[in-house]
Amino acid sequence: MKIIRSLGLALVLASVSCAAQAQGKSAPKDAVLYFIWPQNGAIIKGGFWCRFGLRNMGITHAGDDFKNSGHHHLLVDVNEPLDVNEPIPQDKNHLHFGAGQTEARIELPPGKHTLQLVLGDAKHYPFNPPLVSDKITVTVR
Ligand SMILES: [Cu+2]
């Protein structure tokens, strides 16, 4: 009886650790993701160079599985929260920079837009908890 009970516990523990692995890796506690440019509230004419800042972690190509590193993603006008159990979507609102870019030329229609950076791992999963920048608002004239 005792053996069966502890076997059951072992199975529970095994499935818990599997679930933890399916989610993103954890980023270093002192990692910071931020916008170098633009700044919150910026008023921009036409296209602009968006510059991505990252402290205490490294930038790699998508697919390169190195410790404490990842690649940038820019979320444009995204309001839904990120799901750490799913890869970051790939569409016109979720831009991937899998070649290790740290800046990008961005063209947006006139009006207010929100921008947010998210670091993704080799397989495009957010870290867990997600490493994100502040969400900033810019106005394109
Ligand atoms: Cu990606």
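Modeller: Two strands pair if DSSP finds at least two bridges between them. In this predicted model, two bridges join strand β4 (residues 58-59) to β5, and the two strands run parallel. The count of two bridges reaches the required minimum of two, so β4 and β5 are a pair. Within that pair, I59 stands opposite G70 of β5.

Colleague: How do you know that β5 pairs with β8 and with β6, and in which sense?

Modeller: The same test applies. β5 and β8 share six bridges in the antiparallel sense, and β5 and β6 share four, also antiparallel. Since at least two are needed, both count as pairs. Individual partners can be named: H73 bridges to V118 in β8, and H72 bridges to F97 in β6.

Colleague: What makes you call strand β5 mostly covered?

Modeller: Eight of the eight residues in β5 (residues 69-76) are buried. Each of them therefore falls under 20% relative accessible area.

Colleague: Which atoms coordinate the copper ion, and how do you know that they are donors?

Modeller: They are NE2 of H71, NE2 of H73, ND1 of H96 and ND1 of H124, at 2.0 to 2.1 Å. The limit for a donor nitrogen at this metal is 2.8 Å, so these four atoms qualify. Along the chain, the donor residues follow the spacing H-x1-H-x22-H-x27-H. H96, in strand β6 (residues 94-97), and H124, in the loop between β8 (111-120) and β9 (136-140), are 28 residues apart and link distant parts of the chain.

Colleague: Why is the site of the copper ion called irregular?

Modeller: The angles among the four donor atoms run from 90 to 151°. A tetrahedral site would need angles between 85 and 135 degrees, and 151° lies outside that range. A square planar site would need opposite donors over 155 degrees apart, which 151° does not reach. Neither description fits, so the site is irregular.

Colleague: Why do H96 and H124 receive separate labels for accessibility?

Modeller: H96 has 16% relative accessibility, which is under 20%, so H96 is buried. H124 has 22%, which lies between 20% and 50%, so H124 is partly exposed.

Colleague: What makes T114 buried, and which residues does T114 contact?

Modeller: T114, which lies in strand β8, has a relative accessible area of 18%; that is under 20%, so T114 is buried. Beyond its neighbours within four places in sequence, T114 is in contact with L75, V76, D77, V78, K135, I136 and T137.

Colleague: Which residues have the most contacts inside the largest nonpolar core?

Modeller: They are M57, L74, L115 and L131, in a core of 25 residues. Elements giving two or more residues to this core include β1 (32-37), β3 (48-55) and β5, and β3 gives the most, with four. Among the residues that L74 touches, not counting those up to four places away in sequence, are F35, C50, I106 and L115.

Colleague: Why is the aromatic pair of F52 and F97 called tilted?

Modeller: The ring centres are 5.1 Å apart, within the 6.5 Å limit, so the rings pair. Their planes meet at 50°, neither under 30 nor over 60 degrees, so the pair is tilted. F52 lies in strand β3 and F97 in strand β6, so the pair ties together parts 45 residues apart in sequence.

Colleague: How do you know that F52 and F97 are buried?

Modeller: F52 has a relative accessible area of 4% and F97 one of 9%. Both values are under 20%, so both residues are buried.

Key: Residues are numbered from 1 along each chain as its sequence is written. This is a predicted model: local features need pLDDT of at least 70, side-chain atom pairs count only at pLDDT 80 or more; totals for chains, interfaces and linings use all residues. Side-chain values use heavy atoms; hydrogens and water are left out. Donors are N, O and S atoms within 2.8 Å of the metal (3.2 Å for Na, K and Ca); water is not among the atoms, so sites may look incomplete. Four donors count as tetrahedral if all angles lie between 85 and 135 degrees; four count as square planar and six as octahedral if opposite donors are over 155 degrees apart and all others between 65 and 115; anything else is irregular. Buried means under 20% relative accessible area, exposed over 50%, partly exposed in between (1.4 Å probe, protein chains only). Contact means heavy atoms within 4.5 Å. A nonpolar core is a set of buried Ala, Val, Leu, Ile, Met, Phe, Trp, Tyr and Cys residues joined through side-chain atoms within 4.5 Å. Rings of Phe, Tyr and Trp (its six-membered ring) pair if their centres lie within 6.5 Å; planes under 30 degrees apart count as stacked, over 60 as edge-to-face and the rest as tilted.
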